[in-house]
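Let's take a friendly walk through a protein and the ligand it holds. Please have a look at the sequence and the 3D picture before reading on.

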Amino acid sequence: MQTITVVGSGVMGKGIAYTSAISGFKVFLNDISEEVLGRAKEEIFGLLEGSRQKGFITEEQYASATENLTFETDLEQAAKDADLVIEAVLEKIELKIDIFKRLDKICRPETILATNTSTMSPTEIGAQTSRPEKVIAMHFFNPVHKMKLIELIRGLETSDETVQIVKEVSERLKKETVEVNEFPGFVTSRMNCMIGNEAMNMLMEGVASAEDIDKALKLGLNHPMGPLELADLVGLDTRLRNMEYLYQTLGEKYRPSPILLKYVKAGRLGKKSGSGFYNYS
Ligand code: NAD
């Protein structure tokens, strides 16, 4: 495993590309437009510079990471030499399936295709390729360079060899892994979406302010972040797609909170748009 291609350079793609590059992999980062990729490049290089100055990464890591990162809008150019592809585009099943079908044609037969989906089925995605045994979900956490876990979700046909290789890659990325049997939302998203949705409903019902709901969970239940600030960090559009998928697959108790729908309709997408449950301007 030498070369990782990351498809999608949003919140997660940027973090996965950065973490892979400082861990010694050659990295191709792909997105749909030069403009989006340009912004991703600026942010990743800013993070590399900041980490170097603060001593979080060595001079050697900085030099090899800057050299090893390539930003490429053409999916074929980005993925043709990959040993592992990690897809991190929007949480839409049709989009993910379309990308996996294209990757299946572009990539060498031995290339492993992973999805960073928060909720969806690697079995369903893998079934659309000629290599379901090489398809797996690698669920990273936000911010990728700080969070220790990767949740590994095996599809029905995912081989033991694929799981083993992806575990080794995760170790090289200095992450811990848990292996989860496929079920919508896995362990973490299912739990996290539930807590977040309950917090949103409480806010809507006037139970407490956003600040006090978050403070209650941090100081009273020892959560490192409040559920509303965490939803803002994830992105409210992404959280809504996660909730909609869980609602479709697991039923009523996952119905997205009306306040989440209202905020997304208003363009309040959380930290990335400047406001969500909190104001970031
Ligand atoms: P995002 O909206 O920040 O980024 C998605 C990126 O995908 C955008 O830059 C967009 O331009 C790009 N994209 C769309 N279509 C594309 C295409 N055809 N080819 C290449 N790029 C394309 O989303 P995100 O928050 O980074 O989430 C990405 C995935 O990671 C989702 O599946 C999400 O559920 C999952 N995830 C998100 C978080 C989180 O905290 N945000 C955490 C874990 C997993």
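This report goes through the domains, the surroundings of the ligand, and two points along the backbone.

## Two domains

Keep in mind that what you see is a predicted model. The domain assignment splits the protein into domain 1, residues 3-181, and domain 2, residues 188-272. If you take the centre of each domain over its C-alpha atoms, the two centres are 26 Å apart. In the contact between them, domain 1 takes part with 15 residues and domain 2 with nine residues.

How much area is buried between domain 1 and domain 2? The value is about 990 Å², and carbon and sulfur atoms give 58% of it. On the side of domain 1, three residues deserve your attention: E91, T119 and N142 supply 43% of the area that this domain buries against domain 2, more than any other three residues.

## Around the ligand

Now turn to the ligand. There are 27 residues around the ligand, and M12, D31, E91, K96 and S118 come nearest. You have already met E91, as one of the three residues that supply 43% of the area domain 1 buries against domain 2. The shell around the ligand is shared between the domains, with at least three residues from each of domain 1 and domain 2. Sorted by character, the shell has twelve nonpolar, eleven polar and four charged residues.

Which elements give two or more residues to this shell? They are α1 (11-22), α5 (93-106) and α11 (236-250). Of these, α5 gives the most, with three residues.

## Polar partners of the ligand

Try finding the oxygen atoms of the ligand in the picture. One pair involves a side chain: an N or O atom of the D31 side chain is 2.7 Å from a ligand oxygen. Other pairs involve the backbone. For V89, a backbone N or O atom lies 3.3 Å from an oxygen atom of the ligand, and for G10, a polar backbone atom is 3.5 Å from a ligand oxygen.

How much of the ligand does the protein cover? On its own the ligand has 830 Å² of accessible area, and the protein covers 89% of that.

## Two backbone details

Follow the chain to the loop between β6 (135-139) and β7 (149-154), where P143 lies. The peptide bond that joins N142 and P143 is cis, with omega at about 0°.

A second detail sits at K174, in the loop between α7 (160-172) and β8 (176-181). K174 has a phi near 65°, a positive value in a residue other than glycine.

Definitions and conventions:
Residues numbered from 1 in each chain as written. Predicted model: local features only at pLDDT ≥ 70, side-chain atom pairs only at ≥ 80, totals over all residues. Heavy atoms only, no water. Near = heavy atom within 4 Å. Polar contact = N/O pair within 3.5 Å; in protein donor to acceptor, adjacent residues only side chain to side chain. Areas by Shrake-Rupley, 256 points an atom, 1.4 Å probe, with all protein chains shown as cover. Helix = DSSP H or I, 4+ residues; strand = E, 2+ residues; numbered from the N terminus. Nonpolar A, V, L, I, M, F, W, Y, C, P; charged D, E, K, R; others polar. Domains from an automatic or database assignment. Contact = heavy atoms within 4.5 Å. Buried area = accessible area lost by both parts, 1.4 Å probe.
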